[in-house]
Amino acid sequence: MKKTNYKKLESICGGTTLTSSIVNSFTNIVRLLMTAGQDLGSSIRRIGEDKICPLQ
């Protein structure tokens, strides 16, 4: 590995940037979790109230 001098080390910029695809993916994950929670809660409520549609 090649050593870098201090002047070059001071000019290095690093880090992450928040892109629209990352925000979109995070929004989709949150939306998916919220929908799954609503569906699970609805099914638990319907089972508890004995309002399940018979299969046959």
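Reader: How many helices and strands does the protein have?
Author: This is a predicted model. In it, the protein has 2 helices and 0 strands.

Reader: Where do the helices lie, and what is between them?
Author: Helix 1 covers residues 6-11, and helix 2 covers residues 20-48. The loop between helix 1 and helix 2 includes Ile12.

Reader: What span should helix 2 have, and how far apart are its end C-alpha atoms?
Author: Helix 2 has 29 residues, so at 1.5 Å a residue the expected span is 42 Å. Its end C-alpha atoms are 42 Å apart, which agrees with that expectation.

Reader: And which residue takes a positive phi just after helix 2?
Author: That residue is Asp50, with a phi of about 55 degrees.

Reader: Turning to Ile12, is it buried or exposed?
Author: Ile12 counts as exposed, because its relative accessibility is 56% and the cut-off for exposed is over 50%.

Reader: Which residues make a nonpolar surface patch with Ile12?
Author: Tyr6 and Leu9 join Ile12 in that patch, which has an area of about 380 Å².

Reader: What about the whole protein: how much of it is buried, and how much area does it expose?
Author: Of its 56 residues, 0% count as buried. The protein exposes about 5900 Å², and 62% of that area is supplied by carbon and sulfur atoms.

Reader: What is the radius of gyration, set against that of a compact globule?
Author: The protein has a radius of gyration of 25 Å, whereas a compact globule of 56 residues would have one near 10 Å. Along the principal axes, its C-alpha atoms fill a box of roughly 75 × 25 × 20 Å.

How values were computed: Residues numbered from 1 in each chain as written. Predicted model: local features only at pLDDT ≥ 70, side-chain atom pairs only at ≥ 80, totals over all residues. Heavy atoms only, no water. Helix = DSSP H or I, 4+ residues; strand = E, 2+ residues; numbered from the N terminus. Expected span 1.5 Å × (residues − 1). Patch = residues over 30% accessible without salt bridge, like charges linked within 9 Å, V, L, I, M, F, W, Y side chains within 5 Å. Areas by Shrake-Rupley, 256 points an atom, 1.4 Å probe, with all protein chains shown as cover. Salt bridge = Lys/Arg side-chain N within 4 Å of Asp/Glu carboxyl O. Buried < 20%, exposed > 50% of the residue type's maximum accessible area, 1.4 Å probe, protein only. Rg over C-alpha atoms; globule rule 2.2 N^0.38 Å.
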